[in-house]
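Biologist: Please show the model, so that we may discuss some of its local features in turn.

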Amino acid sequence: MKITIQDLSKSFGGTDIFSHFSLEVDAGVRLCVSGQNGTGKSTLLRMIAGIEEPDGGKIILPKGARLGYVEQELSPKALSTHLLTYVIDVLHDWSKFWTQWEEATAKHDTARLAQLMQTQNDLEQAYGYNPEQRAKKVLTGLGFSEAKWEKTLGELSGGWQERAKLARVLTAGADILLLDEPTNHLDIDAIEWLETFLLGFEGALVFVAHDRKFMDTIATHVLYLGLQRPVFRKTNYSQFLVLQEEYQAQRERERQALQDELDRKMVFVERFRAKATKARQASSHQKMAKKLEKELEDYRPEPKRKELRFTWPKPPHVEKIVLACCDLDFHFEDGKYLWPPLTFTIYRENRIALVGHNGSGKSTLLKLLANTLPKCGGTIAQAQQLRLGYYTQHQMDTLREDANVLGEIRRLSDPHCNEEELMSVLGLFLLGESYFDRQIKTLSGGEKCRLVLATLFLKRCNFLLLDEPTNHLDLESREALCQALKNYTGTLMLVAHDRWLLSEIDVETWQLDTHGITVYPSYAAYEEQHAQSLSQKAIKSQDDLAFVPKAQSKEEQKRLKREEAEKRNQLYRKLKPLQKAYEETEATLNALLQEQSTLEQQLSDSSLYEDPVKSQALIQAFEDCKKKGEEAFEKLEQLQASIDAIKNEHEGTYS
């Protein structure tokens with residue numbers, strides 16, 4: 001099974017995307033199609049899928065090859081179909097096969113039964129022994145809980161609908177698989193499952209992605225578009241970049257050598273063309289020079305494209321404790337809790353990545369910290385000098401579709417920003433003069449994303465809350481954002497499923513789950529622990545299948561119970577004074593936060609400052625209260641660390 005592309009040509013708006021392009025993709029090849037936006041990556045996939053016609057040339061797929069391609073739109077019928085049914089419907093109807101088998105058996109038709117045995121073998125090879133089990137395995141791998149299986153697609157959000165379409169294609173099986181941005185809308189666990197699935201795929205895979213780690217893990221070959229001609233190499237993406245840099249350096253050396261030789265020829269021609277004795281040699285040198293000029297045309301540099309490059313403005317000063325939460329509580333209207341009450345402190349210049357599976361409440365926590373969602377209990381205390389910048393994908397939905405770009409950034413930015421400053425920042429985010437009058441509805445997802453980032457840039461924040469900031473950004477823009485975040489000197493908390501980004505920007509990693517927050521010193525440390533957990537689960541799963549419990553005598557059971565009781569008593573004795581101190585400190589902190597809030601209200605009264613003595617006393621009281629609050633927070637953290645250490649020491653010995 002292979003894809004054959006012969007003499008392919010395709011153009012848009014008078015610009016050639018492909019010109020006389022040929023390529024073969026064999027079974028076992030996992031081809032990553034890369035390049036900047038607008039270079040024809042998705043167009044190539046659509047042409048291979050037969051959805052779009054080339055202007056010239058042809059694409060040949062083997063006769064009878066099963067093609068897997070994610071549909072663009074869901075029909076009304078699909079939207080009213082239950083998820084599991086939608087995914088399974090794509091598989092062969094086994095009921096028809098068994099009806100034929102029963103009929104042949106009843107007639108004792110041995111010849112027909114022999115044919116059907118071969119048919120059964122073919123079907124099992126293509127669709128597996130248990131199609132429903134296959135569908136459920138794919139749905140689970142992509143993060144669908146069983147509660148979602150019986151929901152209709154219309155009841156799912158847009159992101160989950162995209163996952164459903166991918167699940168249907170993966171369940172169906174294919175000889176040729178075409179995937180356009182398959183990691184969009186997937187969390188890290190689902191991406192890792194998809195990687196494992198695709199590494200076991202034996203057909204020809206052609207995919208487009210902007211996730212660097214996914215590209216490196218999956219790709220065996222890279223096709224890079226957007227240069228003078230497509231570049232095809234047997235390598236993953238990161239290796240491709242190294243090879244391409246070496247290739248370009250070698251090309252530059254060759255170009256310079258040709259240019260030097262041309263210059264020498266032209267010096268000779270200019271010097272001796274007027275001399276009769278040297279005229280023939282000068283003419284010969286001139287001919288050679290023309291030949292060199294023609295050769296140099298093949299070495300012309302690649303056209304430079306504008307790339308996103310920016311640096312966050314220097315953040316204004318903020319207190320040591322930027323934000324602190326004490327017993328932060330949240331639950332949905334149906335009473336469902338995502339995690340227990342959370343207590344934590346974010347200090348100045350902290351850089352935190354919030355990780356966890358989809359539905360663990362990462363975005364919910366960011367909304368609570370940004371005060372766009374009301375909490376159900378607890379306290380969130382912010383630094384007085386805090387200037388918060390909150391980015392979420394849903395902000396793009398708040399852009400007015402009929403407004404133009406310049407009007408929207410004017411509406412969303414500080415009214416003190418002048419027109420020149422707004423235009424300058426738009427240019428910085430690759431939304432220059434040609435975009436000013438364009439309507440928002442004509443922008444791509446990446447352009448809308450850059451517009452929202454531009455408004456955030458203008459706020460000059462000292463604390464950034466970013467929720468999936470790389471979604472809709474192409475690879476080059478992701479790299480620019482990564483560099484900007486590396487250089488950012490303010491406080492940062494972000495949610496992202498781009499593992500390359502998280503590993504590049506040096507973040508402390510907080511894992512959020514039903515137990516609360518688990519802190520890792522780096523993303524690499526989290527990945528290592530995550531990999532160990534997955535490995536242990538796999539081993540436990542195998543052990544559970546083979547484990548046969550042994551009967552215990554009554555005496556043995558009594559002895560074990562006594563040991564467990566003694567361990568619980570030891571743990572209680574160690575924890576009791578610490579827990580009492582924690583409760584007392586927590587009560588003190590709550591009182592200080594309340595007192596601080598009262599003092600803030602008093603200090604906001606302008607008439608207070610008519611009495612310098614009274615105002616100075618209140619300011620001093622406020623500073624003392626704030627200092628005591630910081631000390632209480634630090635003591636709480638120390639106590640919590642001691643409690644956690646004791647619990648970890650006794651892990652598994654109490655209930």
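Biologist: Is C326 buried or exposed?

Modeller: The model is a predicted one, in which local features need pLDDT of at least 70 and side-chain atom pairs count only at pLDDT 80 or more, while totals for chains, interfaces and linings use all residues. Residues are numbered from 1 along each chain as its sequence is written, and side-chain values use heavy atoms, with hydrogens and water left out. The relative accessibility of C326 is 2%; buried means under 20% relative accessible area, exposed over 50% and partly exposed in between, with a 1.4 Å probe and protein chains only. C326 therefore counts as buried.

Biologist: How many disulfides does a search of the whole structure find, and how far away from C326 is the nearest cysteine sulfur?

Modeller: A disulfide is taken as a pair of cysteine sulfur atoms within 2.5 Å. On searching the whole structure, zero disulfides are found. C326 is thus without a disulfide partner, and the nearest cysteine sulfur, which belongs to C325, lies at 8.9 Å.

Biologist: Is C417 buried or exposed?

Modeller: C417 has a relative accessible area of 14%, so this cysteine is buried.

Biologist: What is the order of the strands in the open sheet of six strands?

Modeller: Strands (E, at least two residues) and helices (H or I, at least four) are DSSP runs numbered from the N terminus, and two strands pair if DSSP finds at least two bridges between them. Pairing in this sheet is mixed. The edge strands, each paired on one side only, are β14 (388-392) and β18 (516-520). The order is β14-β15-β16-β12-β17-β18.

Biologist: In which sense do β15 and β16 pair?

Modeller: Strand β15 covers residues 463-467 and β16 residues 491-495, with five bridges between them. F463 stands opposite T491 in β16. The sense of the pairing is parallel.

Biologist: Which helix packs on the sheet, and what angle does its direction make with that of β15?

Modeller: Helix α13 (residues 362-369) touches β12 (351-355), β14, β15, β16 and β17 (508-513), contact meaning heavy atoms within 4.5 Å. Axes are lines fitted to C-alpha atoms, for helices over the stretch in contact, and angles run from 0 to 180 degrees between N-to-C directions. The helix is α13, and the angle is about 150°.

Biologist: Where is H108 found, and is H108 buried or exposed?

Modeller: H108 has a positive phi of about 55° although it is not a glycine. Its place is the loop between α4 (94-106) and α5 (110-127). With a relative accessible area of 66%, H108 is exposed.
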